[in-house]
Amino acid sequence: MSAPTASAVDAALAVVTNTLVASPLMPSPRLAPDAFLKLESLQPTGSFKVRGALAAVAMAERNRGIVTASAGNHGLAVAWAAERLDRHATVVIPRTASSAKANALERSGCKLEHVGENYEEAEEHALTLAAEGHSYISAYNDPNVIAGQSTIGAELAHIDGPITVYVPVGGGGLVAGVCLWAQDRSDVRVVGVESAASRGLSAAIEAGRVVNVPVGRTLADGLAGNLEAGSVTVEIASRRVDEMVAVTEEEIEEAIRFLAAEHGLVAEGSGAVGVAAVMNRRANSVGSPVALVTGRNIALSTLAGVLGDASAQ
């Protein structure tokens, strides 16, 4: 697997800008002075993943079906993109996937399969289907997906002065895309933010290769799991990311409550880790901190539990 070419990035920008409206950029002075929230949670499928899915589905061979594995958001994005671009998609999710995401996929019109107890087992099944003649679209280890995620940079470029972008990190597709956009921009600092329960990309960057790490239960379920061997996201991120940090479960919950109370926004755990990092000063911000709020697909029961936590009062 190789990094996206310049032509792939251009093609991704064309399909994304022709299909999606730019997501809002909201000032958040209570988060930090001159801070902004980039609301990818308001994308049609509730997360940033639709960018990469559009780019990858557009480039897939027309005579083959599309298959993917997902913890939820990527699958929703592929299903949405396939419908818009008149393609057929099969989405494989683990039986432990968020009920909110599973229910949304049931309504999406894709062929949905529940396989395995974790992302790795779902992915193994999806790859078996791909070997039978489908085009496989990885949630992160795909040059067209990464090219699609890089399009978020075009919507940050008009912020005056230097910025520090806080990027939620699981497999690294989004942070790799942001790094591609930022590679020639000296006034952009890139901070990758992981859940403390799953630190696969930071471990890979440190080791110089993908290594297996312990993965604990986390509210940021979309960021949990080990990386695919040879993932190109490691190479791209290691060249340009300025800092990798992690936030705890308590800090993620605090960030979800902040977004609801201060801005009336619903965010899932994975979508709130960048806000959590800014709130808890996990990294050194240069210029305006920009937290990417990457998703809103959280089960109502989970959200109610977080918002009603008496210890937060």
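# A guided tour of salt bridges, helix H1 and two pockets

Select Glu 194 to begin: at 0% relative accessibility, this residue counts as buried. The model on display is a predicted one. Add Arg 199 to the selection, and a salt bridge appears between Arg 199 and Glu 194, with the closest N and O atoms 2.8 Å apart. Arg 199 counts as partly exposed, at 28% relative accessibility, whereas its partner Glu 194 is buried.

**Further salt bridges**

A search of the whole structure finds 14 salt bridges. For another of them, select Arg 51 and Glu 155, whose side chains meet in a salt bridge at 2.8 Å, N to O. Arg 51 belongs to helix H2 (residues 49-59), while Glu 155 sits in the loop between helix H6 (143-149) and strand E7 (163-168), so the pair ties together parts that are 104 residues apart in sequence. Are these two residues buried or exposed? Both Arg 51 and Glu 155 are buried.

Keep this pair displayed and add Lys 38 and Glu 40. Together, Lys 38, Glu 40, Arg 51 and Glu 155 are linked in a network of salt bridges.

Next, select Arg 30 and Glu 262, where the side chains meet in a salt bridge at 3.6 Å, N to O. This pair links distant parts of the chain: Arg 30 is in the loop between strand E1 (25-27) and strand E2 (36-39), Glu 262 is in helix H10 (residues 249-263), and the two are 232 residues apart. Arg 30 is exposed, with a relative accessible area of 62%. For Glu 262 the relative accessible area is 34%, and the residue is partly exposed.

**Helix H1**

Now select helix H1 (6-19). From its first C-alpha to its last, H1 reaches 20 Å with 14 residues, close to the 20 Å expected at 1.5 Å a residue. Colour Ala 8, Ala 12, Val 15 and Val 16, which are buried in H1. These residues cover an arc of only 95° around the axis, which puts them on the same side of H1. The general background is that an α-helix has 3.6 residues a turn, so residues three or four places apart point the same way. Give a second colour to Ala 6, Ser 7, Asp 10 and Asn 18, which are exposed on the other side of H1.

**The second largest pocket**

Leave H1 displayed and turn to the second largest pocket, which has a volume of about 240 Å³. Which residues lie nearest its centre? Of the 13 residues that line the second largest pocket, these are Val 9, Asp 10, Ser 150, Leu 180 and Trp 181. The elements that give two or more residues to this lining are helix H1 (6-19) and helix H7 (173-182). H1 supplies the largest share, four residues. By type, the lining of the second largest pocket divides into seven nonpolar, four polar and two charged residues.

**The largest pocket**

The last stop is the largest pocket, with a volume of about 670 Å³. Select Thr 96, Arg 217, Thr 218, Asp 221 and Ala 224: of the 24 residues that line the largest pocket, these are the closest to its centre. Colouring the lining of the largest pocket by residue type shows nine nonpolar, nine polar and six charged residues.

Technical notes
Residues are numbered from 1 along each chain as its sequence is written. This is a predicted model: local features need pLDDT of at least 70, side-chain atom pairs count only at pLDDT 80 or more; totals for chains, interfaces and linings use all residues. Side-chain values use heavy atoms; hydrogens and water are left out. On a 1 Å grid over the protein atoms alone, a cavity is a set of points where a 1.4 Å probe fits but cannot get out, and a pocket is an open set with protein on both sides within 12 Å along at least five of seven lines; lining residues have an atom within 4 Å of a point. Grid points are joined across faces, edges and corners, and a volume is the space filled by probe spheres set on the points. Ala, Val, Leu, Ile, Met, Phe, Trp, Tyr, Cys and Pro count as nonpolar, Asp, Glu, Lys and Arg as charged, and the others, Gly among them, as polar. A salt bridge is a side-chain nitrogen of Lys or Arg within 4 Å of a carboxyl oxygen of Asp or Glu. Buried means under 20% relative accessible area, exposed over 50%, partly exposed in between (1.4 Å probe, protein chains only). The expected span of a helix is 1.5 Å times one less than its number of residues. The arc is that of the directions from the helix axis to the C-beta atoms.
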